[in-house]
Amino acid sequence: MNSVAKENYSFQKSIVIIGVILFVIKLAAWFFTRSVAILTDALESTINVIAGLFSLYSLYISGKPKDRDHPYGHGKIEFISAGIEGGLITIAGIIIIYESVKNILYPNTISKLDYGIVLIAVTGIANYVLGELAIRKGKKNNSLALVSGGEHLKSDTYSTIGLVLGLIIIYFTHIYWLDSIIALIFSGIIIFTGVKIIRKSLAGIMDEADQELIKKLVCTLEENRNPNWIDIHNVRFIKYGSSLHLDCHLTMPWFFNIKETKRESDKLEKIIQDNFGNSFEMFVYVEGCEDFSCKICKKKECPYRKHFFEKEITWTVDNIEIDKHHALKSSTHE
């Protein structure tokens, strides 16, 4: 397990421990009040703990080194973990709807709401802080498990805010049927969050292109452009948990020897490494330039140039993914 994987695993372990503590606090709040809205919040915390354990296990597996059976590593387990977490969140929302409707038909007596309000508010603040830290850590270390877990915790906070406001209204107005209405409203928010996480995990499993990642790559390449990199195309970015795999075709002067092409490839790799972290692999297929490449090539000292330089082609999200050499429209190669 590398240093980044250990960091993710250790952070997720803290999330699970704090999640158990918050679950106990919510149970205490429900015991004091007998509020169905608070009970639903406690039920969601049960899902938080279970999902946190799934994430913890997935981070442990994804941190294992590559082996013969898993040449790309074990990172995709994070997408499966996130999918399970999204499913559990959705189930929690459905359970909350059931409990709310049942409470409308067979209402419970609510008491000691002041205790419940204070305890639930404390858990909401804790979840928000923990969720924000998890999202930042996940984005920094490219961990979908931490990001999805953080989004889950923050969505729990938003529902808690509404819950606390609703409990305050009930406390002052004594309109107790609002308890179930509040629970119904926030069950919808919970289900929406669950479906969103499932969608993201499926995108990862299906190797859907991460547009934000591609945009960052394009900006990085444009800012660090090298005259010897005449063209870059057929770019593929694949995420395996916290690991990134980059494939691309890089066009260089055809007369470069192996040592020179290796030097230029190493430069490209270092730039990617400096901007995306160490947890990545890069496979560069080097191609020699063609006659039509001269018109977009800015290399000044070229003994074999056949055409004058006319215009530099700006690399964009759309054109670096195309499996085809770039050329000016006036060129015979289109």
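Which backbone oxygen does the side chain of Arg225 reach at 2.8 Å? In this predicted model, that oxygen belongs to Ile313. Before returning to Arg225, it helps to look at the chain as a whole.

The chain contains eight helices and three strands. Reading from the N terminus, the elements follow one another as α-α-α-α-α-α-α-β-β-α-β. The radius of gyration is 27 Å, well over the 20 Å that the globule rule gives for 334 residues, so the chain is more spread out than a compact globule. Taken along the principal axes, the box filled by the C-alpha atoms is roughly 90 × 40 × 30 Å.

A good place to begin a tour of the helices is the pair α1 and α4. Helix α1 covers residues 3-33 and helix α4 covers residues 113-140; their axes come within 9 Å and cross at roughly 165°. Because angles over 145 degrees count as roughly antiparallel, α1 and α4 are roughly antiparallel to each other. The crossing in which α1 passes α4 is left-handed. Sorting the residues of this contact by character gives 16 nonpolar, five polar and four charged.

Further along the chain, helices α7 and α8 form another pair. Helix α8 spans residues 258-276, and its axis comes within 11 Å of that of α7, with a crossing angle of roughly 130°. That angle makes α7 oblique to α8. The crossing of these two helices is right-handed. On the α7 side, the contact is made by Leu213, Lys216, Leu217, Thr220 and Leu221, while α8 contributes Leu268, Ile271, Ile272, Asn275 and Phe276. Of the residues in the contact of α7 with α8, seven are nonpolar, two are polar and one is charged.

Arg225, the residue of the opening question, sits in the loop that runs between α7 (211-223) and β1 (231-240). Besides reaching the backbone oxygen of Ile313 at 2.8 Å, the side chain of Arg225 makes a polar contact with the side chain of Glu222, also given as 2.8 Å. Which residues does Arg225 touch when its neighbours within four places in sequence are left aside? They are Ile230, Glu312, Ile313, Thr314 and Trp315. Ile313 thus appears both in this set of contacts and as the owner of the backbone oxygen that the Arg225 side chain reaches.

Two residues deserve a closer look for their backbone angles. His174 has a positive phi of about 65° although it is not a glycine. The location of His174 is the loop between α5 (144-173) and α6 (178-205). Asn234, likewise a residue other than glycine, has a positive phi near 50°. Asn234 belongs to strand β1, the strand that closes the loop holding Arg225.

Notes
Residues numbered from 1 in each chain as written. Predicted model: local features only at pLDDT ≥ 70, side-chain atom pairs only at ≥ 80, totals over all residues. Heavy atoms only, no water. Helix = DSSP H or I, 4+ residues; strand = E, 2+ residues; numbered from the N terminus. Polar contact = N/O pair within 3.5 Å; in protein donor to acceptor, adjacent residues only side chain to side chain. Contact = heavy atoms within 4.5 Å. Axes fitted to C-alpha atoms, helices over the stretch in contact; angles between N-to-C directions. Parallel < 35°, antiparallel > 145°, perpendicular 65-115°, else oblique. Left-handed = near helix turned anticlockwise from the far one by under 90°. Nonpolar A, V, L, I, M, F, W, Y, C, P; charged D, E, K, R; others polar. Rg over C-alpha atoms; globule rule 2.2 N^0.38 Å.
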